[in-house]
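User: I would like to learn how to read salt bridges, burial and surface patches in a protein model, with the general idea given before the case at hand.

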Amino acid sequence: MNLKKNIFNAITIILLAALIAGAVLLNNRIKKLETQMSYTSDNTSVILSDVQTMQDDIKSTLEEEASLITDWDISLKSADFTDKTYTVSVSVVPKEYTEDTKTSVFFGTNEIPLELDGIKYTGEATLPLSEDYAGNVTFLFVDGNKRSTEVLDKFEGVTSVFKNVASGILADKPTFDNGSIKLGTDVDVAVMGNDYFDFNSVQLVVASSDTELKTYDIRQLLAENGTDSADADSITSALSRKDDAKKDGSKNDTENDTSDASKEDDGKLHSLEGTVKIEDLIPVTAASNIKIYVKAVSAQGYTFTYDLFEGTVNQDITDFETTADISGGDYTVTDPAGSKYEP
């Protein structure tokens with residue numbers, strides 16, 4: 001009886017050992033397969049990425065070869081907010097042309113003839129501010145009976161140069177101290193020239209109605225504070241924004257492809273970004289409407305404002321009776337003639 005039991009136990013042990021050995025072998029094979037699958041997956045991803053890159057390169061090459069144009073540029077020249085119009089300068093270099101080639105540009109259905117100037121055709125167009133003609137600009141080339149057109153599919157308009165020029169965030173709203181509003185907050189400020197504007201000044205303004213109670217020179221404060229988020233380049237030089245140039249209506253060609261270094265050399269303030277600490281007491285009166293905003297004045301004569309806070313002082317001058325919800329940031333642009341544009 002014991003012999004049978006021992007034989008049974010031995011067989012059981014052998015089977016268990018075989019099962020364990022099989023499980024270990026199977027686990028090793030599974031891990032090996034997983035490694036191979038991972039390697040295959042990685043290789044497949046690389047191959048797919050290479051194929052996509054090749055397709056993009058081929059598409060780009062075909063588009064360039066199919067294009068009738070070597071180069072083009074549409075840039076904002078001026079704006080008149082009273083007449084609600086803006087003027088753009090236009091230039092185009094066709095791949096093939098003769099002195100007899102007649103060239104014009106269409107903004108929607110509005111045709112503007114262009115004149116040959118050296119190797120390119122140039123002209124100007126005055127357009128309504130309510131339209132930026134994004135994706136709706138066409139060049140027409142006429143040689144005798146042959147008419148050829150080129151649509152600027154990637155053109156995204158020019159009025160966007162006025163958007164997002166000045167912006168900011170006020171970390172805390174003002175408090176009160178003995179009839180004065182008390183500022184003790186960080187202010188994040190960003191100003192972008194959008195490849196068109198450079199700036200004479202950038203300020204944080206505390207105003208009552210239309211009267212400026214106090215102004216702070218942001219550029220100077222950034223330079224003095226030396227904050228981590230603002231360095232010399234962001235204060236004194238422009239950022240190269242090639243993608244934005246196209247959105248503003250300018251093609252990134254040799255004339256417009258300006259590097260950071262060249263913008264540093266011109267000594268102008270094209271952009272600014274950083275955080276400053278404002279601590280101050282400003283006397284106010286009861287029922288006065290207080291606004292805090294960023295103000296950037298461009299060398300081209302435009303003034304950009306971006307609201308950070310608005311509130312009405314209560315009768316005891318101890319708090320704000322009401323505050324406006326301007327978390328989205330309201331901005332205005334004033335042209336050199338003093339007319340305002342509020343998108």
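Analyst: What follows goes from the overall fold to the salt bridges and then to the surface patches. The model is a predicted one, in which local features need pLDDT of at least 70 and side-chain atom pairs count only at pLDDT 80 or more, while totals for chains, interfaces and linings use all residues. Residues are numbered from 1 along each chain as its sequence is written, and side-chain values use heavy atoms, with hydrogens and water left out.

User: How many helices and strands does the protein chain have, and what percentage of its residues counts as buried?

Analyst: Helices (H or I, at least four residues) and strands (E, at least two) are DSSP runs, numbered from the N terminus; the protein chain has 5 helices and 18 strands. Buried means under 20% relative accessible area, exposed over 50%, and partly exposed in between, with a 1.4 Å probe and protein chains only; of the 343 residues, 37% are buried.

User: Which residue forms a salt bridge with Lys77, and where in the chain do the two partners lie?

Analyst: A salt bridge is a side-chain nitrogen of Lys or Arg within 4 Å of a carboxyl oxygen of Asp or Glu, and the structure holds 4 of them. In one, Lys77 pairs with Glu124, with the closest N and O atoms 2.2 Å apart; this pair links distant parts of the chain, since Lys77 belongs to strand β1 (residues 69–80) and Glu124 to strand β5 (residues 120–128), 47 residues apart. Lys77 is partly exposed at 45% relative accessible area, and Glu124 is partly exposed at 43%.

User: Is Lys295, the partner of Glu212, buried or exposed?

Analyst: Lys295 is buried, at 15% relative accessible area, whereas Glu212 is partly exposed at 35%. Their closest N and O atoms are 2.8 Å apart. Glu212 lies in strand β12 (residues 211–217) and Lys295 in strand β14 (residues 289–298), so the salt bridge ties together parts 83 residues apart in sequence.

User: Which residues make the nonpolar surface patch?

Analyst: Patches are made of residues with over 30% relative accessible area and no salt bridge, where like charges are joined within 9 Å and nonpolar side chains (Val, Leu, Ile, Met, Phe, Trp, Tyr) within 5 Å. Leu16, Leu19, Ile20 and Val24 make a nonpolar patch of about 400 Å²; Leu16 is found in helix α1 (residues 2–66) and is partly exposed at 47%.

Note on methods:
Accessible areas come from the Shrake-Rupley method with a 1.4 Å probe; for residues, only the protein chains shown count as cover.
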